[in-house]
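Here is a quick, friendly walk through one protein chain. Take a look at the sequence and the structure first, and then read on.

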Amino acid sequence: VQLQASGGGLVQAGGSLRLSCAASGRSLSGYDMGWFRQPPGKEREFVAAISWSRGTTSYADSVKGRFAISRDNARNTGYLQMNSLKPEDTAVYYCARSRTMSTRTADFGSWGQGTLVTVSS
């Protein structure tokens, strides 16, 4: 199973984008979901996560107050609303699933191809 992220693109600083994470079948059912990003030349890093049952959320300090993670369990889809984008948000964004609420890349799986977000200054 792979999760497919989409919705990336080129945006000016201060702008907004909404990313989507599509899962086949019921592959998000019962799983927590996370968004990660990999800036050019850097390691993949945690962005946000949301639990399956209660919708509990967790964010990296760098995106708190600007990004919002959500999910539609009926549609088996997750979202990342990104506002007030900064050039340092430029990265390939990935979504993944986990059996536990975590910020660690190693706790997540079903990585698919990411979507590129480029923020110009």
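How much area does the chain expose, and what share of it do carbon and sulfur atoms supply? The exposed area comes to about 6,100 Å², and carbon and sulfur atoms supply 45% of that. One thing to keep in mind from the start: this is a predicted model.

## The overall build

Let's begin with the basic parts. You'll find 10 strands in the chain and 0 helices. Going along the sequence, then, the pattern reads β-β-β-β-β-β-β-β-β-β.

How does the chain fill space? Its C-alpha atoms take up a box of roughly 40 × 25 × 25 Å, laid along the principal axes. The radius of gyration is 13 Å, which agrees with a compact globule, because a globule of 121 residues would come out near 14 Å.

## Inside, outside and charge

Of the 121 residues, 44% count as buried. Contacts also reach a long way along the sequence: taking those with a separation of 6 or more, 59% are between residues 24 or more positions apart.

As for charge, the chain carries 14 positive side chains and 8 negative ones. The centres of these two sets lie 7 Å apart.

## A cluster of rings

Now for the aromatic side chains. The structure holds 4 aromatic pairs. One of them is F36 with F46, an edge-to-face pair with 5.7 Å from centre to centre and 75° between the planes. This pair links distant parts of the chain, with F36 in strand β4 (residues 32–38) and F46 in strand β5 (residues 45–50), 10 residues apart. Are these two rings buried or exposed? F36 has a relative accessibility of 0%, so it counts as buried. F46 is buried too, because its relative accessible area is 12% and the cut-off for buried is under 20%.

F36 has another partner: it also forms an edge-to-face pair with W111, at 5.1 Å centre to centre and with 70° between the planes. W111 sits in the loop between β9 (91–98) and β10 (115–120) while F36 is in strand β4, so this pair ties together parts that are 75 residues apart in sequence. W111 counts as partly exposed, because its relative accessibility is 21%. Step back a little and you can see a cluster, in which ring pairs link F36, F46, Y94, F108 and W111.

## Two residues with a positive phi

Most residues other than glycine have a negative phi. Against that background, which residues are worth a look here? N76 is one: it is not a glycine, yet its phi is positive, at about 55°. You can find N76 in the loop between β7 (67–72) and β8 (77–82). With a relative accessible area of 8%, N76 is buried.

S84 is also a residue other than glycine with a positive phi, in this case near 50°. Its place is the loop between β8 and β9. S84 counts as partly exposed, because its relative accessibility is 42%.

## Near and far along the chain

Where does Q12 sit, and what does it touch? Q12 belongs to strand β2 (residues 9–12). It counts as exposed, because its relative accessibility is 61%. Setting aside its neighbours within four places in sequence, Q12 is in contact with V119 and S120. Q12 and T90 are 78 residues apart in sequence, and their C-alpha atoms are 11 Å apart in space.

Next, try the loop between β5 and β6, where you'll find W52. At 26% relative accessibility, W52 counts as partly exposed. Leaving out neighbours within four places in sequence, W52 is in contact with L28, S29, G30, Y31, D32, R71 and N73. W52 and S98 are 46 residues apart along the chain, and 9.6 Å separates their C-alpha atoms.

S53 is in the loop between β5 and β6 (57–59). With a relative accessible area of 63%, S53 is exposed. How far is S53 from V119? Their C-alpha atoms are separated by 33 Å, and the two residues are 66 apart along the chain.

Methods:
Residues numbered from 1 in each chain as written. Predicted model: local features only at pLDDT ≥ 70, side-chain atom pairs only at ≥ 80, totals over all residues. Heavy atoms only, no water. Helix = DSSP H or I, 4+ residues; strand = E, 2+ residues; numbered from the N terminus. Rg over C-alpha atoms; globule rule 2.2 N^0.38 Å. Buried < 20%, exposed > 50% of the residue type's maximum accessible area, 1.4 Å probe, protein only. Contact = heavy atoms within 4.5 Å. Areas by Shrake-Rupley, 256 points an atom, 1.4 Å probe, with all protein chains shown as cover. Lys, Arg positive; Asp, Glu negative; His and termini not counted. Charge placed at Lys NZ, Arg CZ, Asp CG, Glu CD. Phe/Tyr/Trp six-rings, centres within 6.5 Å; stacked < 30°, edge-to-face > 60°.
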